[in-house]
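Work through the exercises below with the sequence and the coordinates at hand, and try each task before you read its solution.

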Amino acid sequence: MEHVYISADTRLRIHDLIKHTEGMTQAKLAKELGISESTLSRFLSGQTTKMGNDRIIKIANIFNVSTDFLLGETNIPVKKNYDISELGLSAEAAQALYTHKVNTEIVCQLLESTKFAVLTNLLANYQKEVFATGMAAMNQNMDFLRSLMLGQARLVPKDKAAASAVASDLQSLKLPPVSVDTAMIQNVFNQILHELREKTESQLKESTTATKETLEQFRKNLTKGQDAIDLRTLTPEDISSAVLMMVPEGALPEKELIQLGDAFTDLLTASGINHDE
């Protein structure tokens, strides 16, 4: 179960992170920070307040949390801002994401899918297989040179040790065969498409349900307990009031809520909704 963090200052945050990070100790953290364990211990116990910004940033990076979390500004440890190099992105890939040349929402859904991780590994192996195919000539050369060395070892006893060692080195330089089932790649990709479809359909169903509930509530606000809506008696004020009743309580200050109602009423009036006409 994921640990839930409560509000705390920097020292308690570090204590908590050490406690809930497998394999981490004060001694190990001090070593990674390049300071003595006693120096870290004095800071964590409050005997000294000295801990530079550079070390705070380093601690955040070590535990992969945000500096805001480490400083107690938020209780959510997830790091939101990453350097391009940390993410392993090329400058071109980062630019495509930043300029929205690709659909970032779909990219997020793909990255969150466990099957997408499987797909990327399969594609990486496929790439290796293509590369290895292009290097087949190199393997043949290695085999030829290795056969020469083994022949030298048999013909010249005094060269046996050295020739055998070279032959062994040549064997280790050969690229191992990589076999990837392209049908498996297609299958995993189809599973991801199925997941995306199911997720979209689920969201659409939830959205449709919410819309029906919203419309029903809006109808109730307009009818004011009556069986039906008499459009002839509706005024811009009535419609505006019904809309404002949909705003969750406390979502807006009362003054802003009144201003919103007045603006909506004016808009409806300007649109020609007036029962006196």
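The exercises that follow concern a predicted model, and each task is followed by a worked solution.

**Exercise 1. The chain as a whole**

Task: Determine how many helices and strands the protein chain has, and describe its burial, its contacts and its surface.

Solution: Begin with the secondary structure, where the protein chain shows 14 helices and 0 strands, so that reading from the N terminus on gives the order α-α-α-α-α-α-α-α-α-α-α-α-α-α. Turn next to burial: the chain has 277 residues, of which 22% count as buried. For the contacts, take those with a separation of 6 or more, and find that 54% of them join residues 24 or more positions apart. Finally, the surface that the protein chain exposes amounts to about 20100 Å², with 56% of it supplied by carbon and sulfur atoms.

**Exercise 2. Two residues with positive phi**

Task: Locate Asn64 and His100 in the chain, and decide for each whether it is buried, partly exposed or exposed.

Solution: As background, most residues other than glycine have a negative phi. Asn64, although it is not a glycine, has a positive phi of about 55°, and its place is in the loop between α4 (53-63) and α5 (67-70). Its relative accessibility is 40%, and Asn64 therefore counts as partly exposed. His100 is likewise not a glycine and has a positive phi, here of about 60°; the loop that holds His100 runs between α7 and α8 (104-112). With a relative accessibility of 56%, His100 lies over the 50% cut-off and so counts as exposed.

**Exercise 3. The largest pocket and a nonpolar patch**

Task: State which helices supply residues to the lining of the largest pocket, and find where Leu89 is placed.

Solution: The largest pocket holds about 400 Å³ of space. Its lining consists of 13 residues, and those closest to the centre are Leu87, Leu89, Leu97, Val107 and Leu111. Sorting the lining by element shows that α6, α7 and α8 each supply at least two residues, while α8 gives the most, with 5 residues. Leu89 belongs to the loop between α6 (84-87) and α7 (91-98). Apart from lining the pocket, Leu89 joins Ile84 and Leu87 in a nonpolar surface patch of about 240 Å². A patch residue must have over 30% relative accessible area, and Leu89, which is partly exposed, has 32%.

**Exercise 4. Two helical residues compared**

Task: For Gln109 and Leu145, identify the helix that holds each residue, and establish whether each is buried, partly exposed or exposed.

Solution: Gln109 is placed in helix α8, and because its relative accessible area is 13%, Gln109 falls under the 20% cut-off and is buried. Once neighbours within four places in sequence are left aside, the contacts of Gln109 are with Leu196 and Lys199. Leu145, for its part, lies in helix α10, which covers residues 136-155. Its relative accessible area is 40%, so Leu145 is partly exposed. To place Leu145 relative to another part of the chain, take Gln171, which is 26 residues apart from Leu145 along the sequence; the C-alpha atoms of the two are separated by 9.6 Å.

Conventions
Residues numbered from 1 in each chain as written. Predicted model: local features only at pLDDT ≥ 70, side-chain atom pairs only at ≥ 80, totals over all residues. Heavy atoms only, no water. Patch = residues over 30% accessible without salt bridge, like charges linked within 9 Å, V, L, I, M, F, W, Y side chains within 5 Å. Areas by Shrake-Rupley, 256 points an atom, 1.4 Å probe, with all protein chains shown as cover. Salt bridge = Lys/Arg side-chain N within 4 Å of Asp/Glu carboxyl O. Helix = DSSP H or I, 4+ residues; strand = E, 2+ residues; numbered from the N terminus. Buried < 20%, exposed > 50% of the residue type's maximum accessible area, 1.4 Å probe, protein only. Contact = heavy atoms within 4.5 Å. 1 Å grid on protein atoms, 1.4 Å probe; cavity = no way out; pocket = protein on both sides within 12 Å on 5 of 7 lines; lining within 4 Å. Points joined across faces, edges and corners; volume = space filled by probe spheres on them.
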